[in-house]
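Q: I have a structure open and want a quick walk through it. Can you take my questions as they come?

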Protein chains: 2
Amino acid sequence: MTSTTDNAVRAYIEAHREAFLADLAAWLRIPSVSADPARAGDVARSAEWLAAQLSATGFPVTEVWPTAGLPAVYAEWPSGDPDAPTVLVYGHHDVQPAAREDGWDSDPFEPETRDGRLYARGAADDKGQVFFHTLGVRAHLAATGRTTPAVNLKLLIEGEEESGSPNFAALLRDRADRLACDAVIVSDTGMWSAETPTVCTGMRGLADCQIDLYGPAQDIHSGSFGGAVPNPATEAARLAAALHDRDRRVAIPGFYDGITPLTDDERALFAELPFDEDAWLRTAKSSATLGETGYSTLERVWARPTAEVNGIHGGYGGPGGKTVVPSTAQLKLSFRLVAGQDTDKVQQAVADWVAATLPAGIRHEITFWGATRPCLTPLDHPALQAVVRAMGRAFQQPIRFTREGGSGPAADLQDVLGAPVLFLGISVPSDGWHSVNEKVELDLLLKGVETTAYLWADLADNRPR
Amino acid sequence: MTSTTDNAVRAYIEAHREAFLADLAAWLRIPSVSADPARAGDVARSAEWLAAQLSATGFPVTEVWPTAGLPAVYAEWPSGDPDAPTVLVYGHHDVQPAAREDGWDSDPFEPETRDGRLYARGAADDKGQVFFHTLGVRAHLAATGRTTPAVNLKLLIEGEEESGSPNFAALLRDRADRLACDAVIVSDTGMWSAETPTVCTGMRGLADCQIDLYGPAQDIHSGSFGGAVPNPATEAARLAAALHDRDRRVAIPGFYDGITPLTDDERALFAELPFDEDAWLRTAKSSATLGETGYSTLERVWARPTAEVNGIHGGYGGPGGKTVVPSTAQLKLSFRLVAGQDTDKVQQAVADWVAATLPAGIRHEITFWGATRPCLTPLDHPALQAVVRAMGRAFQQPIRFTREGGSGPAADLQDVLGAPVLFLGISVPSDGWHSVNEKVELDLLLKGVETTAYLWADLADNRPR
């Protein structure tokens with residue numbers, strides 16, 4: 001079943017794996033923590049290091065792109081074929097904070113290989129997954145005898161993803177001409193498990209806000225006034241409670257308007273996954289599931305919009321009791337959105353609902369933070385099918401489908417560049433993203449290399465329109 | 001209309017007012033702040049000072065009673081008449097904290113008279129109101145020609161009222177024999193206004209608690225898990241919101257069991273008061289009223305039980321957004337109770353309701369702080385009628401009726417001593433209790449003196465059973 005090309009790819013990867021892993025380790029030693037202003041120099045150094053490495057890989061164009069914040073890296077390797085499709089790979093070179101004292105078994109910025117796993121901050125999120133594209137394109141050339149990739153290959157590796165990508169959309173808009181492409185490959189996600197390789201077909205969007213409620217001009221005595229004036233803590237609670245109806249559906253009028261329903265085919269594909277609810281609950285650090293009636297846990301986190309209370313604060317929180325009607329209260333809410341929901345309309349619906357729900361005597365202010373649109377690639381999209389085929393060759397088993405409950409800059413790529421977004425990630429849930437002992441499974445990392453080695457030729461043969 | 005006795009009382013008070021005020025000022029200079037451990041010596045000094053002053057007034061028995069905390073003062077002046085009723089006066093000699101820097105116009109512990117008002121911490125709450133009993137009993141003796149009071153007069157002046165009276169119930173139980181009485185006069189309350197003298201007939205009780213909710217073992221990602229596991233902040237909000245139904249009645253099953261309904265007579269008497277809702281709202285620092293359907297504002301704060309959210313805290317409260325499902329949340333609730341409600345049963349009803357309301361996956365703990373029982377003196381009680389008559393003679397106008405929405409140790413007096421509790425206070429809402437520029441109106445203070453000068457003879461003639 002295995003073709004000559006596949007054998008050539010594997011032989012190339014095997015021959016170059018040690019050098020590839022040594023280079024990745026060198027990059028992982030750079031503590032490019034975007035959230036820490038004291039590490040800005042390290043983030044810049046990471047960008048320069050990557051640009052040099054991409055030049056060494058063969059990319060004829062490599063540039064460090066400054067932003068209002070921390071720099072991104074751009075690289076371009078034209079195919080030379082005037083009919084070749086253009087593919088943009090997205091990833092990020094910044095990492096989450098990490099310190100040995102947090103409970104790491106080894107220094108987070110001194111990579112260590114144990115039991116076939118490479119432990120370091122950024123090993124999976126996202127340096128490892130960015131880096132497999134370097135060996136991948138070399139394997140693609142070696143196996144096909146080409147001197148340029150079969151696609152026009154572009155890479156955009158951001159430096160502020162772990163800080164919420166505050167300057168990313170502006171960068172995309174400013175550089176839209178250079179970034180023009182037929183498809184985006186995002187390598188910043190994961191798979192179901194090492195045993196069940198999957199491709200992600202979408203991410204939920206996000207709209208989040210803060211609602212400040214103002215009642216009495218100062219805390220007042222609950223004996224003298226309680227029961228006769230509105231209490232902002234009570235009203236914040238009533239608002240938060242009114243987010244959901246008895247079936248735990250979001251009860252804000254208009255919230256579900258326009259959503260793309262989950263198809264029977266998609267539900268059937270979700271149901272094929274070997275979902276173990278007890279194991280999932282352990283990951284969720286929770287002891288029971290609870291959500292919208294009529295949907296499975298996976299459907300709830302991947303494919304249904306939600307309203308979540310991220311924080312509620314009002315009144316006395318110290319030891320013992322204090323019999324006050326508090327003066328103020330604050331709610332932090334986030335809404336996960338799915339395909340078909342419009343972030344602007346959702347924000348308006350929330351604002352209208354808050355205004356209509358609060359009683360006289362409670363003044364309020366609502367502040368929306370930046371919204372992220374949902375994105376979803378149809379299962380029959382040709383580029384998605386190409387990714388599935390390339391992964392299938394690398395993993396030699398059927399590739400199943402997942403979605404991602406979180407939200408990311410993928411939607412900006414989709415919207416600004418007007419191209420479909422595909423997710424190609426090889427991380428697994430145990431990789432410890434944002435946690436201690438982050439690692440990447442070396443076998444899977446090399447499957448990522450192999451997948452990209454097949455993908456560019458496949459995309460050139462089955463080009464996305 | 002004014003009797004010889006009344007003229008004699010007034011003449012006596014007029015003759016002794018300057019010395020009385022000078023003595024009160026000396027007491028007010030002692031900063032007996034019970035909440036401040038560094039002032040424990042001052043609280044003890046205040047107790048010694050008062051005991052000496054009561055001896056000088058003529059009380060043959062004066063004692064400083066130690067407690068597990070700060071000392072109380074006890075004094076006793078037997079009538080000598082074997083049929084005389086026994087009356088216990090309750091007040092407190094500790095005060096709230098105060099500092100010039102808080103915004104006082106003069107030193108809170110250097111009394112200053114301006115425009116007929118004596119400004120000092122404790123002037124109204126409660127030293128002034130305790131102290132009018134000293135000149136009052138002397139005026140009673142002078143006007144009646146007696147050498148002992150017409151009643152067996154006992155005073156119990158607590159030293160920890162502003163710290164929540166943590167040792168008061170124990171003191172009452174330990175000293176119940178000495179404190180035995182036919183009626184308790186509490187001089188630690190106020191009147192409607194200088195123009196509308198009133199007597200308070202009851203206080204609400206109080207049960208308050210803290211409910212800690214535990215969800216995920218740590219904060220989890222709202223994108224990965226949101227919408228599929230219970231969120232303790234949401235559940236705290238749902239619990240707080242479920243406290244009240246649409247009519248803002250408390251929705252906890254059994255909460256209203258056994259309450260003494262407000263009679264039509266009482267509602268009519270409340271309605272006679274010159275209530276100005278706008279002025280009340282200014283005092284409440286609020287811009288609108290809100291409460292139980294079918295009741296007026298005064299009925300809501302005086303005569304109806306309530307549920308209040310004193311604090312709600314869970315999840316992220318810092319700047320911006322943080323898309324987490326929080327691990328924990330906390331609610332602080334207080335319930336004001338009215339006559340007929342049993343504090344133990346209310347606590348049980350709350351605990352049962354919380355347990356029945358929270359979903360699987362949310363563990364909780366509920367902690368009740370000490371409860372205070374409600375108390376209410378029937379309008380036709382003979383001792384209450386005696387207080388009304390004595391006040392009527394002092395104020396020379398009709399005395400109306402109020403209640404107090406707050407809660408206090410009066411209920412302990414009622415329960416432990418088995419005697420009715422009457423409220424005799426001359427403070428007015430503008431006196432600034434617990435606030436800056438606390439003061440007492442000198443005219444009203446002397447009306448307090450005058451009232452007690454009449455009261456003992458009246459009570460002896462119309463003794464409570």
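A: Sure, we can go through the chain contact, the sheets, a salt bridge and some backbone details.

Q: First, what kind of model is this?

A: This is a predicted model.

Q: OK. How many residues does each chain put into the contact?

A: Chain B gives 75 residues and chain A gives 76 residues.

Q: And what area is buried between chain B and chain A?

A: About 5,500 Å². Carbon and sulfur atoms give 53% of that.

Q: Which residues of chain B lose the most area to chain A?

A: B:Arg238, B:Lys285 and B:Asn310. Together they make up 11% of what the chain B side buries.

Q: How many salt bridges are there between chain B and chain A?

A: The count is 2. One of them pairs the side chains of B:Glu235 and A:Arg248, at 2.7 Å from N to O.

Q: How many residue pairs are in polar contact there?

A: There are 35 such pairs between chain B and chain A, with both residues at pLDDT 80 or more.

Q: Which elements of chain B supply at least two residues of the side that touches chain A?

A: Among them are strand 9 (205–214), helix 6 (232–241), helix 8 (277–283), strand 11 (306–315) and strand 13 (328–337) of chain B.

Q: Which one gives the most?

A: Strand 11 of chain B, with 9 residues.

Q: What is the make-up of that side by class?

A: The side of chain B that touches chain A has 28 nonpolar, 34 polar and 13 charged residues.

Q: Back to strand 11. What does strand 11 of chain A join to in chain B?

A: Strand 11 of chain A joins strand 11 of chain B through 5 bridges. The two run antiparallel. Within that pairing, A:Gly311 stands opposite B:Gly315.

Q: What holds paired strands together in general?

A: Strands of a sheet pair through backbone hydrogen bonds.

Q: What is the strand order in the sheet with strands from chain A and chain B?

A: The order is 14(A)-9(A)-13(A)-11(A)-11(B)-13(B)-9(B)-14(B). That makes an open sheet of 8 strands with antiparallel pairing.

Q: Which are the edge strands?

A: Strand 14 (363–368) of chain A and strand 14 (363–368) of chain B. Each pairs on one side only. From one strand to the next, the twist averages 25 degrees.

Q: How many bridges join strand 11 of chain B to strand 13 of chain B?

A: There are 8 bridges, and the strands run antiparallel. B:Glu308 stands opposite B:Ser334 in strand 13 of chain B.

Q: Which strands does helix 6 of chain B touch?

A: Helix 6 of chain B packs on the sheet and touches strand 11 of chain A, plus strand 9, strand 11 and strand 13 of chain B. Its direction makes about 15 degrees with that of strand 13 of chain B.

Q: And where does helix 10 of chain A lie?

A: Helix 10 (residues 343–357) of chain A lies across strand 9 (205–214), strand 13 (328–337) and strand 14 of chain A. It runs at about 170 degrees to strand 14 of chain A.

Q: Now the open sheet of 3 strands. What is the order there?

A: The order is 4-5-18 in chain A, with antiparallel pairing. Strand 4 (112–114) and strand 18 (439–441) of chain A are the edge strands. Twist averages 25 degrees from one strand to the next.

Q: How many bridges join strand 5 to strand 18 of chain A?

A: There are 3 bridges. A:Leu118 has A:Val440 as its bridge partner in strand 18 of chain A.

Q: Which helix packs on that sheet?

A: Helix 13 (residues 442–461) of chain A, which touches strand 4, strand 5 and strand 18 of chain A. Its direction makes about 70 degrees with that of strand 18 of chain A.

Q: Different topic. How many salt bridges over all chains?

A: The structure holds 46. One of them joins A:Arg403 to A:Glu266, with the closest N and O atoms 3.0 Å apart.

Q: What does that pair tie together?

A: A:Arg403 lies in strand 16 (residues 400–404) of chain A and A:Glu266 in helix 7 (residues 264–272) of chain A, so the pair ties together parts that are 137 residues apart in sequence.

Q: Last one: which peptide bond around A:Asp126 is cis?

A: The bond from A:Asp125 to A:Asp126, with omega near 10 degrees. A:Asp126 sits in the loop between strand 5 and helix 3 (127–144) of chain A. In chain B, a cis peptide bond joins B:Asp125 and B:Asp126, with omega about 10 degrees.

Terms used
Residues numbered from 1 in each chain as written. Chains lettered and ligands numbered in written order. Heavy atoms only, no water. Contact = heavy atoms within 4.5 Å. Buried area = accessible area lost by both parts, 1.4 Å probe. Salt bridge = Lys/Arg side-chain N within 4 Å of Asp/Glu carboxyl O. Polar contact = N/O pair within 3.5 Å; in protein donor to acceptor, adjacent residues only side chain to side chain. Helix = DSSP H or I, 4+ residues; strand = E, 2+ residues; numbered from the N terminus. Nonpolar A, V, L, I, M, F, W, Y, C, P; charged D, E, K, R; others polar. Pairing = 2+ DSSP bridges. Axes fitted to C-alpha atoms, helices over the stretch in contact; angles between N-to-C directions.
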